Amino acid sequence: MIEVQGLTKRYGEVPAVDDLTFTVRAGEITGFLGPNGAGKSSTMRMILGLDAPTSGTATVNGRPMRAHPAPLRALGALLDAGAVLPSRSAYHHLLALAASNGLPRGRVDAVLEEVGLAAVARRAAGSYSLGMKQRLGIAAALLGDPPVLVLDEPLNGLDPEGIVWMRGLMRRMAGEGRAVLMSSHLMSEIELTVDHLVVIGRGRLIADTSMADFIAEHSAREVVVRSPHSESFGRRLADAGAAVRADGANRLTVAGLGAPEIGALAALNGVELHELALRQTSLEDAFMALTQDSVEYSADKEAA
Ligand SMILES: Nc1ncnc2c1ncn2[C@@H]1O[C@H](COP(=O)(O)OP(=O)(O)OP(=O)(O)O)[C@@H](O)[C@H]1O
C-alpha cells in the first residue's frame, strides 16, 4: 500500500505538488491522471524516494522508500523505459540490478520469461524497439517480486498487442494482491484498466474515486431522436418527464428517458421516427470537463 499524506513539493514559488493526500490500496490498479504539468511525475518521484518533499510524507507499506533496505523488494517502478545503457544486454542490465539488491540470479531468468524477452535477452538493449524497452523496464520493476508497483505511462509506445499484454499483466499483479499505481494521459485506456482513479490538476487533488462511481456519475446517457414531427413530439417527451433539447432540423437530444420508452411513446402517438439512437458521453469528455481549469497550456487560453 502507498500512503501519500499532505505531500507538497515547491520548485521556487509555484508548488508542483500541493498538499496531496491519497492511498493506493493493495489488490487494486489505481489510475493517476492529470493534464501536462499537473505534478504526476513529481509525486511518483517522491513516492520512490528520488526527490524529497518540501512537506508531507509518502510511505510504501508503512515506511518511506529511503528506509527500505532492499528497495526492489519493496517497490518496482517504471519511470523512463529508455534509461538503459544501450551497449548492455537486457540480461546483464537485470543481473546488475539483482546483485545491487541481493536478489538471486534465478529472478533474472524468471522476469525475462515473464515479459517475453528471454529469447532476445543477450542482445544489446540499444537495439530494442520502444515496446521491447518498455518490457525490459517492466522486467526490472518485477525483479524483486515487490508488493507495490509504480508505473509512469506504461502503455506509451506499445502496439495494440503490447497494450493488451500490459493490461493483462497489471490485472494479474493486482489479482495477486499487489498495489499498482499507473499514470496515463489516455482516459479511454484508463477506463479499461483501472479500479480506482486519482485525478490531480496544478498539484492538487481533483478526484479520488472508484472507476465504477466515476462512470456512474459522469457517463450521461442521451438518446438522439430524428422525426419530421420533432417539435410536437418534443413537447410530448417533455410532458413524459424527459429533458429535451432541439438539436438542428428535426433532431432532438433527449435525457431522462430510454430509447425503448421513447420508441413506445412514438408508436402510441403514431409519430414517424427516422432515427432513435443511444449516445453515451465518453469518460474522456468527463475528464476534460473535470480538469479544464487546471490545464497549463491550452489552445483556447493562448488564443484568449
Ligand atoms: N526539477 C524541476 N525544477 C523546476 N520545476 C519543475 C521540476 N520538475 C517539475 N517541475 C514543474 O512542476 C510541475 C509538475 O511537473 P510534473 O512533471 O510533475 O507534471 P506531470 O503531471 O508529470 O506532467 P506530464 O504529464 O507533462 O508528464 C510542472 O509545472 C513542472 O514544470
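Where is Asn250 found? Asn250 belongs to the loop between strand 11 and strand 12, and we shall come back to this residue once the strands around that loop have been introduced. Throughout, please keep in mind that the structure shown above is a predicted model, and that residues are numbered from 1 along each chain as its sequence is written.

A good place to begin is the sheet in which 3 strands are arranged in the order 2-1-4, an open sheet with antiparallel pairing. Its edges are formed by strand 2, which covers residues 15-24, and by strand 4, which covers residues 55-60, and each of these pairs on one side only. From one strand to the next, the twist averages 20°. Strand 1, made of residues 2-10, runs antiparallel to strand 4 and is joined to strand 4 by 5 bridges; within this sheet, Glu3 stands opposite Thr59 of strand 4. In general terms, strands of a sheet pair through backbone hydrogen bonds, and the pairing may be either parallel or antiparallel.

Strand 2 also holds a residue whose backbone deserves attention, namely Asp19. The phi angle of Asp19 is near 55°, which is a positive value in a residue other than glycine. This can be set against a general rule, since most residues other than glycine have a negative phi. Asp19 has a relative accessibility of 46% and therefore counts as partly exposed, because that class lies between the limits of 20% for buried and 50% for exposed.

From here we can turn to the ligand, around which 12 residues are gathered, with Gly37, Gly39, Lys40, Ser41 and Ser42 coming nearest. Helix 1, which spans residues 40-47, supplies the largest share of this shell, namely 3 residues. When the residues of the shell are sorted by character, 4 are nonpolar, 6 are polar and 2 are charged. Several individual approaches can be picked out by looking at the oxygen atoms of the ligand. One such approach places an oxygen atom of the ligand 2.6 Å from an N or O atom in the side chain of Ser42, and another places an oxygen atom of the ligand 2.9 Å from an N or O atom in the side chain of His185. For Ala38 it is the backbone that takes part, with a polar backbone atom 3.1 Å from an oxygen atom of the ligand. Taken alone, the ligand exposes 640 Å², and the protein buries 57% of that area.

Further along the chain, strand 8, with residues 196-201, and strand 9, with residues 204-210, pair in the antiparallel sense over 6 bridges. As one example of this pairing, Ile200 has Leu205 in strand 9 as its bridge partner. The two strands form a hairpin with 2 residues between them, and in the turn Arg202 has a positive phi of about 50°.

A second open sheet is built from 4 strands in the order 11-12-10-13, and here too the pairing is antiparallel. Why is one side of strand 11 and of strand 13 left without a neighbour in the sheet? Strand 11, with residues 243-246, and strand 13, with residues 275-280, stand at the edges and have a single partner strand each, so one side of each remains without a neighbour in the sheet. The twist in this sheet averages 25° from one strand to the next.

We can now follow the order of this sheet pair by pair. Strand 11 is joined by 4 bridges to strand 12, residues 251-255, and the two run antiparallel; Ala243 stands opposite Ala255 of strand 12. Strand 12 also pairs with strand 10 in the antiparallel sense over 4 bridges, with Val223 opposite Val254 of strand 12. Strand 10 and strand 13, finally, pair in the antiparallel sense over 6 bridges, and Val225 has Leu276 in strand 13 as its bridge partner.

This brings us back to Asn250, in the loop between strand 11 and strand 12. Phi of Asn250 is near 60°, again a positive value in a residue other than glycine, and with a relative accessible area of 37% Asn250 is partly exposed. Ser219, by contrast, is buried, because its relative accessible area is 14%, a value under the limit of 20%. Ser219 is found in the loop between helix 8, residues 211-218, and strand 10, residues 221-226. The C-alpha atoms of Ser219 and Ala255 are separated by 12 Å, while the two residues are 36 residues apart along the chain.

Notes. This is a predicted model: local features need pLDDT of at least 70, side-chain atom pairs count only at pLDDT 80 or more; totals for chains, interfaces and linings use all residues. Side-chain values use heavy atoms; hydrogens and water are left out. Two strands pair if DSSP finds at least two bridges between them. Axes are lines fitted to C-alpha atoms, for helices over the stretch in contact, and angles run from 0 to 180 degrees between N-to-C directions. A residue is near a molecule or strand if one of its heavy atoms lies within 4 Å of it. A polar contact is a pair of N or O atoms within 3.5 Å; within protein, one must be able to donate a hydrogen and the other to accept it, and residues adjacent in sequence count only if both atoms are side-chain atoms. Accessible areas come from the Shrake-Rupley method with a 1.4 Å probe; for residues, only the protein chains shown count as cover. Ala, Val, Leu, Ile, Met, Phe, Trp, Tyr, Cys and Pro count as nonpolar, Asp, Glu, Lys and Arg as charged, and the others, Gly among them, as polar. Buried means under 20% relative accessible area, exposed over 50%, partly exposed in between (1.4 Å probe, protein chains only).
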